[in-house]
4 protein chains.
Amino acid sequence: MSSRNTAILLVSCPDRKGLVAAIANFLLQHNANILHADQHQDAELGVFLMRVEWDMQDFDLNLTEFEPAFAPVARQFEMQWRLAHSGHRPRMAIFVSRYDHCLADLLYRYQAGELHCEIAIIISNHQDTRWLAETYRIPFQHVGIHKDAKVEAEETQLAILRRQHIDFIVLARYMQVLSPEFIRHYPNRVINIHHSFLPAFHGAKPYHRAFERGVKLIGATSHYVTEVLDDGPIIEQDVTRVSHRDDLNDLIRRGADLEKIVLSRAVRLHIEHRVLLYANKTVIFD
Amino acid sequence: MSSRNTAILLVSCPDRKGLVAAIANFLLQHNANILHADQHQDAELGVFLMRVEWDMQDFDLNLTEFEPAFAPVARQFEMQWRLAHSGHRPRMAIFVSRYDHCLADLLYRYQAGELHCEIAIIISNHQDTRWLAETYRIPFQHVGIHKDAKVEAEETQLAILRRQHIDFIVLARYMQVLSPEFIRHYPNRVINIHHSFLPAFHGAKPYHRAFERGVKLIGATSHYVTEVLDDGPIIEQDVTRVSHRDDLNDLIRRGADLEKIVLSRAVRLHIEHRVLLYANKTVIFD
Amino acid sequence: MSSRNTAILLVSCPDRKGLVAAIANFLLQHNANILHADQHQDAELGVFLMRVEWDMQDFDLNLTEFEPAFAPVARQFEMQWRLAHSGHRPRMAIFVSRYDHCLADLLYRYQAGELHCEIAIIISNHQDTRWLAETYRIPFQHVGIHKDAKVEAEETQLAILRRQHIDFIVLARYMQVLSPEFIRHYPNRVINIHHSFLPAFHGAKPYHRAFERGVKLIGATSHYVTEVLDDGPIIEQDVTRVSHRDDLNDLIRRGADLEKIVLSRAVRLHIEHRVLLYANKTVIFD
Amino acid sequence: MSSRNTAILLVSCPDRKGLVAAIANFLLQHNANILHADQHQDAELGVFLMRVEWDMQDFDLNLTEFEPAFAPVARQFEMQWRLAHSGHRPRMAIFVSRYDHCLADLLYRYQAGELHCEIAIIISNHQDTRWLAETYRIPFQHVGIHKDAKVEAEETQLAILRRQHIDFIVLARYMQVLSPEFIRHYPNRVINIHHSFLPAFHGAKPYHRAFERGVKLIGATSHYVTEVLDDGPIIEQDVTRVSHRDDLNDLIRRGADLEKIVLSRAVRLHIEHRVLLYANKTVIFD
């Protein structure tokens with residue numbers, strides 16, 4: 001998929017007659033060969049959402065020509081839209097603390113060609129994962145977080161992100177809470193992995209609390225970070241069965257496998273422009 | 001959903017530019033308000049498949065006017081298509097032998113309003129399930145199967161089906177193999193439930209063989225019946241975990257729950273015109 | 001399994017050396033043929049829990065002789081224990097309101113011989129499910145609940161339960177909250193089904209809230225009822241995947257299937273004496 | 001768990017009265033503090049299987065004294081048994097070809113302390129995975145396989161395994177079929193991962209065949225290798241849902257995640273002596 005020369009258009013707007021025809025006609029006029037199209041209507045909220053992907057081969061507009069050509073259609077239907085090219089590799093930063101399983105998993109998938117992005121930088125408040133960065137030859141930056149100097153630390157992080165032209169951030173078990181100010185710089189572009197089936201066990205120590213509550217399944221949730229802790233739009237979740245034979249360490253170990261899978265799926269969905277947001281929820285065009 | 005006044009168009013044809021636009025424009029011209037649309041392109045085989053559902057409220061064609069109006073579009077793109085109205089309740093026959101869990105499940109869902117069809121007749125080669133038919137007030141017909149008179153039995157069955165204007169047949173653990181001749185009367189309109197994760201354990205006694213093989217999961221598969229046993233297009237499958245603590249009876253009991261869920265999902269998908277067939281496979285527009 | 005003539009001993013006590021030997025020796029002295037034995041040690045809390053089932057065929061004690069014979073062993077290790085005979089069918093009451101899917105499922109399983117108990121009475125605050133009770137020939141008692149007369153209603157219910165010698169109660173989507181006084185009459189003997197993956201969405205309208213939150217899986221939880229709402233020991237849970245294509249009605253419909261499976265599993269585990277309680281959690285000897 | 005000083009006894013024998021008591025008494029006499037005990041009776045085949053783990057702290061026999069002391073008990077009940085010490089790290093060899101995801105996963109888990117063994121050697125018929133061996137500092141040996149010199153290649157492999165005192169072998173997507181002669185050197189000590197839900201799609205190209213068959217779930221199976229291809233006792237299996245939206249590459253990619261999880265679980269179960277074999281099946285004491 002990564003080698004394909006395709007364009008992806010994501011649209012959301014008030015639902016109205018003629019929307020599909022308008023988009024399909026526009027693409028046809030410019031000789032697009034549609035490869036995938038998926039749409040969703042939320043009847044209650046009257047929202048229309050669409051993802052359409054076409055081959056750029058015969059398409060008679062390039063990416064810069066697209067905007068002015070499409071503008072009248074977009075205006076007519078009050079569309080919010082964005083266009084992406086499958087050949088573009090968005091620049092990703094990974095934040096990590098001490099637990100390294102999600103980082104190791106992302107790096108392995110990256111070098112295996114599974115993630116169509118550039119991992120530009122790994123930022124950590126610890127030194128423990130430096131060896132992984134070195135193994136996969138990714139720049140590693142240590143930014144220590146002192147209780148009394150969080151603002152300064154975030155400023156340092158933001159400076160690095162700007163310098164690296166980062167498009168989106170993945171929190172791969174990063175154990176610090178980012179400030180609302182920080183998040184406002186990357187709205188819906190910070191992906192977190194929380195080690196529970198949200199909204200159950202939001203906040204600290206979810207495995208401990210799952211163990212105490214005696215649940216029969218544990219989960220992991222990947223979501224966009226918003227200003228409210230563990231409350232952002234959910235991209236992906238999964239669970240696995242546990243029993244009384246699993247002690248707390250078993251929960252942590254088995255949960256780690258869930259976290260890796262769930263986070264990597266969410267990152268992939270984000271990179272492939274398969275996530276559309278509305279009403280604090282996601283539509284996943286898989 | 002059942003009370004909505006909608007039309008559903010299912011299309012399959014060679015993939016070509018302009019297909020989506022052609023269909024969308026046709027619907028727009030006739031003032032359709034599209035509620036759902038889903039399509040799939042098989043790049044390798046060059047096949048385009050689509051399901052589109054619209055509100056009949058403002059649509060300016062009735063169902064009989066649709067065909068001549070749509071014919072030019074269909075011809076241009078060499079479409080195979082069919083149109084259904086959500087208000088139409090297809091007539092279903094259930095074949096059953098002695099195991100009654102799938103039958104009981106379908107009947108309960110039917111009376112609960114979950115299945116938008118008419119269960120016109122229950123046909124069985126045993127008397128055991130007559131009480132269920134009577135409870136839910138569905139006509140019950142006993143057609144005994146004698147080893148030397150299978151042809152006659154099928155003729156009796158076919159006569160009943162014709163008299164009842166049956167649209168499709170559900171084999172709810174019917175333990176007889178239908179002849180190719182019989183199946184040709186209802187191509188892709190006989191839905192079976194097989195008590196294994198096909199293609200594993202096709203044929204007889206799948207739970208016994210699963211137990212002997214020591215598998216860690218058991219499954220159930222619902223598929224359209226073709227002339228090759230247990231080889232038809234798969235509509236739905238699911239599995240559940242088992243362990244050495246489960247003996248053969250546990251497998252049979254736990255498998256029964258799978259069979260009910262999988263068969264009822266498949267029947268529902270069929271009734272709602274969400275299944276498209278190509279290359280001995282199904283596309284499920286869910 | 002129901003036809004077997006077996007005894008089941010459930011033990012919980014402080015963990016100590018010699019426990020397994022003491023129990024095994026006692027059983028051997030009385031010529032027991034052990035069919036299943038399962039135990040669990042909670043290292044942190046120092047708790048030992050055991051379930052052992054043996055054939056009564058050659059066992060040289062009957063059920064009334066067991067207690068005095070076993071008392072010295074029990075005393076020595078400070079055991080809490082109970083003995084059950086597989087041939088005994090505990091008497092169960094079902095409470096239900098309007099949603100009938102769990103009730104219908106339990107009744108079908110009951111008549112199919114899947115639940116080794118006596119369903120002695122169905123109590124409802126509505127008349128809607130009377131037809132199901134009549135179909136399966138189970139006594140049905142309507143006890144209306146008036147906002148200002150809840151105490152009286154519970155007294156009526158308790159009188160019925162006493163008259164029927166009820167051993168345990170199943171709340172099959174019973175939409176009233178039972179008072180602490182009521183629950184104290186049946187400690188750890190009231191089984192509820194909650195239509196969410198607890199502790200997520202405890203309380204009212206869990207499907208609505210799951211839909212609003214945009215979760216990717218919905219769940220159901222069966223638990224013993226305690227005085228704190230939706231907080232009792234969890235017996236069984238399960239989940240199923242949903243997507244943006246599922247509207248609220250789809251969630252409710254698909255959740256109903258989960259509720260049936262989860263509740264019936266929990267009831268079965270309870271009846272077969274496979275549930276041991278400690279620290280507000282369950283150990284499931286499956 | 002790895003740091004505990006425990007002993008594990010695995011027993012299988014004809015089922016007889018007094019077995020549990022005999023083992024429990026023997027352990028009590030020698031002052032064992034039992035941490036876990038699990039047993040299984042196969043009623044049909046009359047087989048008794050047990051895993052018991054105890055603390056060595058107060059145990060008054062060391063590992064070499066155990067055998068003569070336990071011999072009379074074992075003889076009396078015709079037991080097959082083996083004893084393991086949790087502190088002993090079995091020596092493991094990994095065979096791999098070009099696909100490296102399972103190898104990378106095992107190596108990461110190994111360095112993270114999740115696998116309580118020594119990975120002594122990686123043997124490959126290709127050079128592609130040498131970098132992974134070097135990253136994790138594991139000896140790597142290339143043994144090319146030429147069509148006409150398979151016997152010689154296996155002899156070379158066997159010589160390496162002997163030199164390294166290998167206890168068991170993991171085939172981490174090793175694309176060569178081992179000869180019966182080879183396998184006889186490591187009976188029930190070669191663990192394979194097959195990329196399908198066995199017995200479905202045994203043999204070559206399972207993902208291709210799963211795609212063609214249109215299954216709705218794909219699977220992975222880890223099993224001990226026997227002389228019959230893909231027919232050995234199954235240790236672990238799992239599945240994941242796929243749809244028509246997944247092309248062959250998606251199946252391969254998503255299956256890879258299953259393979260990693262399933263193989264690593266199987267290896268862990270083997271290392272922790274949680275697998276007992278009988279009747280070409282496994283009992284998993286988890």
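Visitor: How many salt bridges does the rule find across the interface of domain 1 of chain A and domain 2 of chain A?

Guide: Zero. This is a predicted model, and its values are computed from it. The count between the two domains is three residue pairs in polar contact, both residues at pLDDT 80 or more.

Visitor: Where do the domain bounds lie in chain A?

Guide: Domain 1 of chain A spans 6-85, and domain 2 spans 91-284. Their centres, taken over C-alpha atoms, are 31 Å apart.

Visitor: How many residues of each domain are in contact?

Guide: Domain 1 of chain A gives 12 residues and domain 2 of chain A gives eight. The area buried between them is about 890 Å². Carbon and sulfur atoms give 63% of that area.

Visitor: Which three residues of domain 1 supply more of that buried area than any other three?

Guide: A:Leu10, A:Leu49 and A:Arg51. Together they supply 43% of what domain 1 of chain A buries against domain 2 of chain A.

Visitor: Which elements supply at least two residues of that side?

Guide: In chain A, β1 (6-14), β2, β3 (47-55) and β4 (80-85) each do so. β3(A) has the largest share, with four residues. By class, this side of domain 1 has eight nonpolar, one polar and three charged residues.

Visitor: Now the chains. How are two copies of a chain related in general?

Guide: By a rotation about an axis and a shift along that axis. Here, chain A can be laid on chain B by a turn of 180° and a shift of 0.0 Å along the axis, with an RMSD of 0.0 Å. That is the relation of a two-fold axis. The same surface serves both copies, as 100% of the contact residues of chain A recur in chain B.

Visitor: How many residues are in contact between chain A and chain B?

Guide: Chain A places 19 residues in contact with 20 residues of chain B. The area buried between these chains is about 1700 Å², and carbon and sulfur atoms give 49% of it.

Visitor: What is the count of salt bridges between chain A and chain B?

Guide: Two. One salt bridge joins A:Lys17 to B:Asp58, with the closest N and O atoms 3.0 Å apart. The rule also finds seven residue pairs in polar contact across the interface of chain A and chain B, with both residues at pLDDT 80 or more.

Visitor: Which elements of chain A give two or more residues to the side that touches chain B?

Guide: α1 (19-29) and β2 of chain A. The largest share, eight residues, comes from β2(A). By class, the side of chain A that touches chain B has eight nonpolar, seven polar and four charged residues.

Visitor: What turn and shift lay chain A on chain C?

Guide: A turn of 180° and a shift of 0.0 Å along the axis, with an RMSD of 0.0 Å. In chain A, the C-alpha of A:Ala200 is the nearest to that axis, at 2.1 Å. The copies meet through the same surface, because 100% of the interface residues of chain A are also interface residues in chain C.

Visitor: What area is buried between chain A and chain C?

Guide: About 2900 Å², of which carbon and sulfur atoms give 52%. In chain A, the residues that lose the most area to chain C are A:Arg213, A:Lys216 and A:His244. Together they account for 26% of what that side buries. The contact takes 36 residues from chain A and 36 residues from chain C.

Visitor: How many salt bridges and polar contacts are counted between chain A and chain C?

Guide: The count is 10 salt bridges. Among them is a pairing of the side chains of A:Glu236 and C:Arg241, at 3.1 Å, N to O. There are 22 residue pairs in polar contact, both residues at pLDDT 80 or more.

Visitor: Which elements of chain A each supply at least two residues of the side that touches chain C?

Guide: β2 (33-42), α7 (206-213), β11 (234-241) and β13 (281-284). β11(A) provides the largest share, seven residues. By class, the side of chain A that touches chain C has 15 nonpolar, seven polar and 14 charged residues.

Technical notes. Residues numbered from 1 in each chain as written. Chains lettered and ligands numbered in written order. Predicted model: local features only at pLDDT ≥ 70, side-chain atom pairs only at ≥ 80, totals over all residues. Heavy atoms only, no water. Contact = heavy atoms within 4.5 Å. Buried area = accessible area lost by both parts, 1.4 Å probe. Salt bridge = Lys/Arg side-chain N within 4 Å of Asp/Glu carboxyl O. Polar contact = N/O pair within 3.5 Å; in protein donor to acceptor, adjacent residues only side chain to side chain. Nonpolar A, V, L, I, M, F, W, Y, C, P; charged D, E, K, R; others polar. Domains from an automatic or database assignment. Least-squares fit on C-alpha atoms with pLDDT ≥ 70 in both.
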